[in-house]
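Q: I'd love a close look at one part of this model. Could you walk me through a helix pair?

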Protein chains: 2
Amino acid sequence: MHSDGSELRFAPVILAGGSGTRFWPRSRRAYAKQVLALNGDQTMIQQTLERLLPMADTSNVWVVTNHWLDKIIAEQLPTVSAKHILSEPVARNTAPACALTAYIIAKTDPEMIIGIFPSDHVVANIPRFSEVIAAGVKLAAQGENIVVLGVPPTRPETGYGYIELGEAVGPNENDGKETVKAFRVKRFREKPDGHTAERFLMAGNFAWNGGIFLWSAQTLVAAIREHATDLVPILETIAAAHGTKDFERVFADEYPKCENISIDYAVLERRSAKGEQRSGIYCLPADFGWNDLGSWASLHEHLGTSDKDNVIDGPTDGLIGIEAEGNYVYAPGKMVALLGVSDLVVVETPDALLITTRGRSQDVGKIVRQVHEGLKREDLI
Amino acid sequence: MHSDGSELRFAPVILAGGSGTRFWPRSRRAYAKQVLALNGDQTMIQQTLERLLPMADTSNVWVVTNHWLDKIIAEQLPTVSAKHILSEPVARNTAPACALTAYIIAKTDPEMIIGIFPSDHVVANIPRFSEVIAAGVKLAAQGENIVVLGVPPTRPETGYGYIELGEAVGPNENDGKETVKAFRVKRFREKPDGHTAERFLMAGNFAWNGGIFLWSAQTLVAAIREHATDLVPILETIAAAHGTKDFERVFADEYPKCENISIDYAVLERRSAKGEQRSGIYCLPADFGWNDLGSWASLHEHLGTSDKDNVIDGPTDGLIGIEAEGNYVYAPGKMVALLGVSDLVVVETPDALLITTRGRSQDVGKIVRQVHEGLKREDLI
């Protein structure tokens, strides 16, 4: 943490391997959500890096992505070392990705605090984000603590996993800034059905799992050894080759052998089974205006000031709306004319035109599946 | 009529001065509906000419248009003489346009039968069209007859004028082909309200006025002299200059003095006031699959085989429809993906995107008015 002069060293790991089908046709396999400028001039991964830089040296930043995206990410993040951009030969979910960075970093700096950050979420309140992450880094540096961030839920969302909170152990810092409270974690809960999500929301001690985790390199290495033993020899082999001329070949040969498993399931859920007092898992509040922009509808919500706004996104040539409200339109460079239509999502690219509704926009993946599997149109995915 | 060897000579006059706002953003002032290929490879005015050519020499074809469209029409109709393409300096509705051609033609051939044809309608049954027009030309050549074509109404449409039919006088030919019945005309009725349109439809003796008229040049000149006296000196002056180097200047100076009035109102309604036995106005059935393609919705209906069809118009790159029906989309070259949407009209051009519904598509003119008068975007109209 060079910003406050403390001795703690912090390595953000940005996970950027998502395929981004939800923002089709703007997002493509080779132009996924994280490399798009959906909510500003910067792309989402550029924003992700920028909000971390006050807390970490760029030389400590890592990115895990895939061969569709690695070149554009290297262009968008020119300050990140090429050796720190790991391009997975195949997708194996988050456990191998997180653990590999821990194995590599642990070779030289086992006490480094690693933070796992999705590359495609937005944060409204950057100062608060910095406070919470700084508190999390301190907490993760104590013993073998694992720190997860929990988003205060605002609706009975069935699209996220939930974290069930236990005993409050906070405030863990109170030096004139706003307090960051910590809770022990009781359990991780998978995506619930609607009824269960309602119950979680009412109970008051559940948070959304936003996919941000903090731990020391050696803590995660030890946790993998304990909870995901099969990964150990594979990751040791790949980590040993990192920095050598054989790395790409070894990565390509070994990584596919990894189990396809999320870090939540491989480590967090298994560790939490030890019970809230013994697991060493803590949750800090992600109360910094978090939004995962999971669909065109949530982008509409993020960009509009009201649900009834017509949001004309991108470089537009103007809007005429007659008896039209709640529409989201992306049609760069064009005059958009809306007449007697509501709650539509219309997205135009040079090769495709999507027309759906805000209510159906989370199903855009069905379109992408038809483009891919039905029509075999590799050029459009 | 060179096709059947008769002596009757026939000069089709194609009216092509429409501004085509209903098909915005595809149609523009300088690229109106009549010069678009809305329903096939040929543009609407090319189709209009082609269906007339079996009945008329190209050298007898005339076009009345405006300076936005005259060059593209000359390109699209290369066989029509440049002297026969009259470019109105200002729009003055149909009476001056029709009458001017009659004055010009009457200078050399007062017995020529003139047929007035809108340039932007479609005809499904071309052989039947030819029969009806041939019958109309014969009928118009008798005395001072005026022949109008009446479209058999199929719904209580409030967007057209109606012709009230009187006594049947047909068949006026029955030489092995299908009969073409003629009726005397009782009255012309302006666009009715919904209730009145229902009554017309039930009564059974009303037809839509489709804007196709036949008369000899001298008959129309005489009718103008009788019913629209103020036009006479203006049209005589312009007609006298036709074929001279002064024509453009005289046309530009004189034509704006004409009253802005439709041929229906200036001649047909006034003449019909003489009573059905004395007016000499006859109606022939336009029972040849007439459609004026008056809106995106009627184009959807014309192109689809069912109301529930998704119609992807133009050169498309494919369609994916999931729980989507009754949509009309024009997005040339693009893959169109429809998810959970119905009865929409979406039209994309390089500079504009229109999103409306089939039910509202007749109001597209409201959009064009805002583009023009509100936004002053001359480039988009």
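At what angle do helix α3 (residues 94-108) of chain A and helix α6 (residues 217-227) of chain A pack, and how far apart are their axes?

A: Happy to! This is a predicted model, in which local features need pLDDT of at least 70, side-chain atom pairs count only at pLDDT 80 or more, and totals for chains, interfaces and linings use all residues. Residues are numbered from 1 along each chain as its sequence is written, while chains are lettered from A and ligands numbered from 1 in the order in which they are written.

Helices α3 and α6 of chain A pack at about 125°, and their axes are 8 Å apart. Helices here are DSSP runs of H or I with at least four residues, numbered from the N terminus; axes are lines fitted to C-alpha atoms over the stretch in contact, and angles run from 0 to 180 degrees between N-to-C directions. The two helices are therefore oblique to each other, the term for angles that are not under 35 degrees (roughly parallel), over 145 (roughly antiparallel) or 65 to 115 (roughly perpendicular).

On the α3(A) side, the contact (C-beta atoms, placed from the backbone, within 7 Å) is made by C98(A), A99(A), A102(A), Y103(A), I105(A) and A106(A). Their partners on α6(A) are A217(A), Q218(A), L220(A), V221(A) and I224(A). By character, these residues comprise ten nonpolar, one polar and no charged. Nonpolar covers Ala, Val, Leu, Ile, Met, Phe, Trp, Tyr, Cys and Pro; Asp, Glu, Lys and Arg are charged, and the others, Gly among them, polar.

Definitions and conventions:
Two residues are in contact if their C-beta atoms, placed from the backbone, lie within 7 Å.
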